[in-house]
Amino acid sequence: MSEVQSGEQDIDDKLRTFVQTLRESETYREFVEASNALENDAEASALLREFDEKQQQLQRDGFDQSIMGELQDLKSEMADNDTIRRHQVAQDALVELLQETNDVISEEIGHEFAQSTGGGCC
């Protein structure tokens, strides 16, 4: 095995260890539990769907004060929903953990590691 292949295998092994460590972290486990709870909460899921639909309607049809009011009401209901709030807190914590990971990798390699290019494939 060449040194390059050996180095790439080491990276692959360490990546697998990192992923396993992430999966075992309290932050990730809480996110998975909160996601499952959200999937199983019909009321919370309905609120999120309705909010998405109103946002799409607003984008499609342009500014409409009544839709803005409905969005504000839905946003308030979502903020009061324990399942949605728990999921948002867990998601924020996971994003923060992954951002910190990105920062460490970026610092170590001297370049921005995971940089958003702001677009899709095309």
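Contact is taken here to mean heavy atoms within 4.5 Å. The structure is a predicted model, in which local features need pLDDT of at least 70 and side-chain atom pairs count only at pLDDT 80 or more, whereas totals for chains, interfaces and linings use all residues. Residues are numbered from 1 along each chain as its sequence is written, and side-chain values use heavy atoms, with hydrogens and water left out.

Under this contact criterion, and not counting residues up to four places away in sequence, Thr27 touches Ala93, Leu94 and Leu97. Thr27 belongs to helix H2, which spans residues 26-39 (helices being DSSP runs of H or I with at least four residues, numbered from the N terminus). The C-alpha atoms of Thr27 and Ala93 are 6.6 Å apart in space, although 66 residues separate the two in sequence. With a relative accessible area of 26%, Thr27 is partly exposed, a class that lies between buried (under 20%) and exposed (over 50%), as evaluated with a 1.4 Å probe on protein chains only.

Helix H3 (residues 42-61) packs against helix H4 (residues 65-80) at an angle of about 155°, the axes being 10 Å apart; axes are lines fitted to C-alpha atoms over the stretch in contact, and angles run from 0 to 180 degrees between N-to-C directions. H3 is therefore roughly antiparallel to H4, a term applied to angles over 145 degrees. The residues that meet include Leu47, Phe51 and Leu58 in H3 and Ile67, Leu71 and Leu74 in H4. By class, the contact of H3 with H4 comprises nine nonpolar, two polar and five charged residues, where Ala, Val, Leu, Ile, Met, Phe, Trp, Tyr, Cys and Pro count as nonpolar, Asp, Glu, Lys and Arg as charged, and the others, Gly among them, as polar.

The largest nonpolar core (a set of buried Ala, Val, Leu, Ile, Met, Phe, Trp, Tyr and Cys residues joined through side-chain atoms within 4.5 Å) has 10 residues, among them Leu38, Ala44, Phe51, Met78 and Ile84. To this core H3 and H4 each supply at least two residues. Apart from it lies another core, of five residues, including Leu22, Ala34, Ala90 and Leu94.

Two further residues have contacts with Ala44 and Leu47, with neighbours within four places in sequence left aside. Ile84 is in contact with Leu38, Ala44, Leu47, Leu48 and Met78, while Asn81 is in contact with Asp41, Glu43, Ala44 and Leu47. Asn81, located in the loop between H4 and helix H5 (82-109), is buried, its relative accessible area being 8%.

Conventions. Parallel < 35°, antiparallel > 145°, perpendicular 65-115°, else oblique.
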